[in-house]
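Hi,

Here is the structure I promised to pass on. Have a look at it first, and my notes follow underneath.

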Amino acid sequence: MKRFFKTVLPKIVFLTLLVSCGNLKENNLIDKKVEDLLSQMTLEEKIGQLVQQTTIGYTDNMIGQIKQGNIGSILNEVDPDVINNLQKVAMEESRLGIPILFARDVIHGFKTIFPVPLGQAASWNPQLIEEGSRITAVEATSAGVRWTFAPMLDIARDQRWGRIVEGFGEDPFLTSVMGAATIKGFQGKELNDPASLLACAKHFAGYGAAEGGRDYNTTVISTEQLRNTYLPPFKAAVEAGAGTLMVSFNEINGIPNSGNTSLIRDILRKEWGFDGLVVSDWNSIGEMLNHGYVENPEQAAEAALKAGVDMDMENHVYLHHLARLLKENRIKESMIDDAVRRILRLKFKLGLFENPYVEIKESVFYADEHLAKAKETAIQSAILLKNENNILPLSDKIKSIAVIGPMADAPHDQLGTWVFDGEKSHTVTPLATLRAEYGSRLKINYVAGLNYSRDLDNKQFAQAVAAAKASDVVLFFGGEESILSGEAHSRADISLPGAQKDLLAKIAETGKPVILIVMAGRAIEIYKELPLVDAYLFSFHPGTMGGPALVDLIFGKTVPSGKLPVTYPKMVGQMPLYYNHKNTGRPPAGELETIENIPLEAGQVSLGNTSYYLDAGKDPLFPFGYGLSYTTFEYSDLKLSATEITGKDNLRVSCTVKNTGNREAAEVVQLYIRDLVGSVTRPVKELKAFDKITLKAGESQTVEFTLTPDALKFRNNQNQQVLEPGNFNLWIGPNSAEGLKGAFILK
Ligand code: GLC
């Protein structure tokens, strides 16, 4: 031990100081370069850096704009030759040779497509998500893209909202962890590594609280909800080093976020100390006219710049109006200078001045190791929600399978939403995998039954039924086409689209065992269909390698370990529905009256008078954090390091988890707390930690978490961060609805 303190520790301290001094030195050097460059720039050149323009290729118009210094960033150009040619114009033919920052939405893969982000969240494996994001960065940067608009960190509690698929679900802690992992994967160790992809935490903020789950719609969010639910993932992103943020389309409490000074300048910049770049969303500055917040584009530009939006995506109000606003003293040049500094600083940090051009390395696209990582992620993202009589994994006594449904062989739709560059020709579908890997051993009777998810034509039904009758088991691949989720794709009916429900019912009537596999961009309402099937394997659109992943799970080559990142509703009428809700003054408890059992002419006060639905009860179909395995796990021996703590103590909490089945498998051990009384009401449960562990059959492991005082703090409606003494409950368990319960007092 003495040796450690005498020799090892001083070296660690010295190296740490050296590195931080190095970073400090590098940042100072960059700041100096930025100031030198800024001092040479004309007002027009400064304003040009605040403009993001979508690509129109290597055209005279684009070349002319670049020569004039009117463009700081180009969106959606992914041809490396075009990128290099446009960059050459910027470097050699514009007055100051400032490189362009090329950007693209690379949300869950560039060429190799990973599961959609909500699926990645279902893996509860941040390390895996970081590795996948690194692969995405390597592929995207090899085409010349150096900035992407991800991770999306919008907390969402409503499956009707089309963009719920793009985030990491309903929980602030899980979303924070997954967002940070994505940022680290994208940005790598050094931004000036040519394979590093600048991240953008979006959409800042509260976008997922859209009224009715209707995209872009109004959000009304209390201070305590904004602070305790919607903002934490963005704060975590800033702490993880995200280089940029994007403001969202929506208004919060009457203020559109592209003009929300309190959100950007007060919280993001002053309170959190973020000095990266804030970009608008597509035309979101101009949309303040639609909101009725400004009267004309000039006022929109003024409101956005004053609020702290640095770059104008695709609206051009900065290009067209900032000079005049300055002349009329409605804005200050220092506001423009600050925005330009942030953009130039990032371009220096990315190494664009020294290495502006992309070396074309197409060989990285769909590399074997990339596809393998995408498959592993799809495996860990799939969630087993029902497995009656352990029908899965399929027995090797099965000699014939019927493969039915519109998603069995849907190479485009399996990829999910927000896919611009991944090609469906590379998608490996379940049907292709079954034929390749099991075609020699099994009779595979494939009848789509419906040609796409919205298909209403039942002409193939008889054939599909015949295929089921001729087989030992049915694999029914249902779900949503990719276009039914994502931006502007909200649905009021979240059940299986088209005639899938009818087809499934016909197949179930054959009496054959049915395995339902759903690929979708949201938790699909399946309440009525669930009793018809023996097993239910759910996958948010799984990407390029979804077929091999799902088939390996179905045949037991690997074991499901996914857990729900959202609460899975019985029906759409329950929306919004989430586990970390408040208790209300009338929490539903015990036996609840159901609509079927209410006596005729029942008296006005005869029912339970608590907060639930007569026709849906109080519970979801499946709770947040839920997912089955091919083995079972037993939780025992909950231990707390203390039952009373002060605001200075950490609380260690542990339990034993045992694999009581006969398969090695992974389990996501989750820690929840409840603060029983607060100066503002507190959620009935809050996820505070999780650990994905792998146990051999019969193996036990003690899992320990540490609860710090910070984990018990919250914001009240006066926006004060408080730690309030009182009673707490805690649970360690396999999901948000069950677990070993303990309690402690914070003195
Ligand atoms: C879109 C989206 C945003 C995306 C941007 C650029 O409208 O809201 O998430 O990054 O425009 O495509």
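**What I found**

Let's begin with a pair of strands: strand 20 (residues 665–675) and strand 21 run antiparallel and are joined by 9 bridges. One thing to keep in mind as you read on is that this is a predicted model.

To place one residue of that pairing, look at alanine 665: its bridge partner in strand 21 is leucine 695. Both strands belong to an open sheet of 5 strands, ordered 18-26-25-20-21, with mixed pairing. At the edges you'll find strand 18 (644–645) and strand 21 (686–695), each pairing on one side only.

**The parallel sheet**

There is also an open sheet of 3 strands, in the order 5-6-9, and here the pairing is parallel. Strand 5 (200–204) and strand 9 (277–279) are its edges; each has a single partner strand, so one side of each has no neighbour in the sheet. From one strand to the next, the twist averages 25°.

Strand 6 (residues 244–247) pairs with strand 9 through 3 bridges, in the parallel sense. If you want a residue to click on, methionine 246 sits opposite valine 279 in strand 9. Then turn the view to find helix 10 (residues 261–271), which lies across strand 5, strand 6 and strand 9 and runs at about 155° to strand 9.

**The ligand**

Which residues surround the ligand? They are Asp105, Phe149, Arg163, Lys202, His203, Met246, Phe249, Asp281, Trp282, Met313, Trp418 and Glu487. You've already met Met246 as the residue opposite valine 279.

Some of these residues place a polar side-chain atom by an oxygen atom of the ligand. For histidine 203 that distance is 2.6 Å, for arginine 163 it is 2.8 Å, and for glutamate 487 it is 3.0 Å.

Histidine 203 deserves another look. It is found in strand 5, and a cis peptide bond joins it to lysine 202, with omega at about -5°. Lysine 202 is itself among the residues around the ligand. Why point out the bond? Because most peptide bonds are trans.

**A loop with two oddities**

Now go to the loop between strand 11 (383–387) and strand 12 (400–404), where proline 393 is found. A cis peptide bond joins leucine 392 and proline 393, and omega is about -5° there. Asparagine 389 lies in the loop between strand 11 and strand 12 as well. Its phi is positive, about 50°, although asparagine 389 is not a glycine. For background, most residues other than glycine have a negative phi.

**Two crossing helices**

Last stop: helix 6 (residues 126–141) and helix 7 (residues 172–187). How do their axes meet? They come within 7 Å and cross at roughly 35°, and the crossing is right-handed. By class, the contact between helix 6 and helix 7 has 7 nonpolar, 5 polar and 3 charged residues.

Here is who meets whom:

- From helix 6: Pro126, Ile129, Glu130, Ser133, Arg134, Thr136 and Ala137.
- From helix 7: Val177, Met178, Ala181, Thr182, Lys184, Gly185, Phe186 and Gln187.

If you only have a few minutes, I'd start with histidine 203: it is in strand 5, it follows a cis peptide bond from lysine 202, and it has a polar side-chain atom 2.6 Å from an oxygen atom of the ligand.

Cheers

Definitions and conventions. Residues numbered from 1 in each chain as written. Predicted model: local features only at pLDDT ≥ 70, side-chain atom pairs only at ≥ 80, totals over all residues. Heavy atoms only, no water. Pairing = 2+ DSSP bridges. Helix = DSSP H or I, 4+ residues; strand = E, 2+ residues; numbered from the N terminus. Axes fitted to C-alpha atoms, helices over the stretch in contact; angles between N-to-C directions. Left-handed = near helix turned anticlockwise from the far one by under 90°. Contact = heavy atoms within 4.5 Å. Nonpolar A, V, L, I, M, F, W, Y, C, P; charged D, E, K, R; others polar. Near = heavy atom within 4 Å. Polar contact = N/O pair within 3.5 Å; in protein donor to acceptor, adjacent residues only side chain to side chain.
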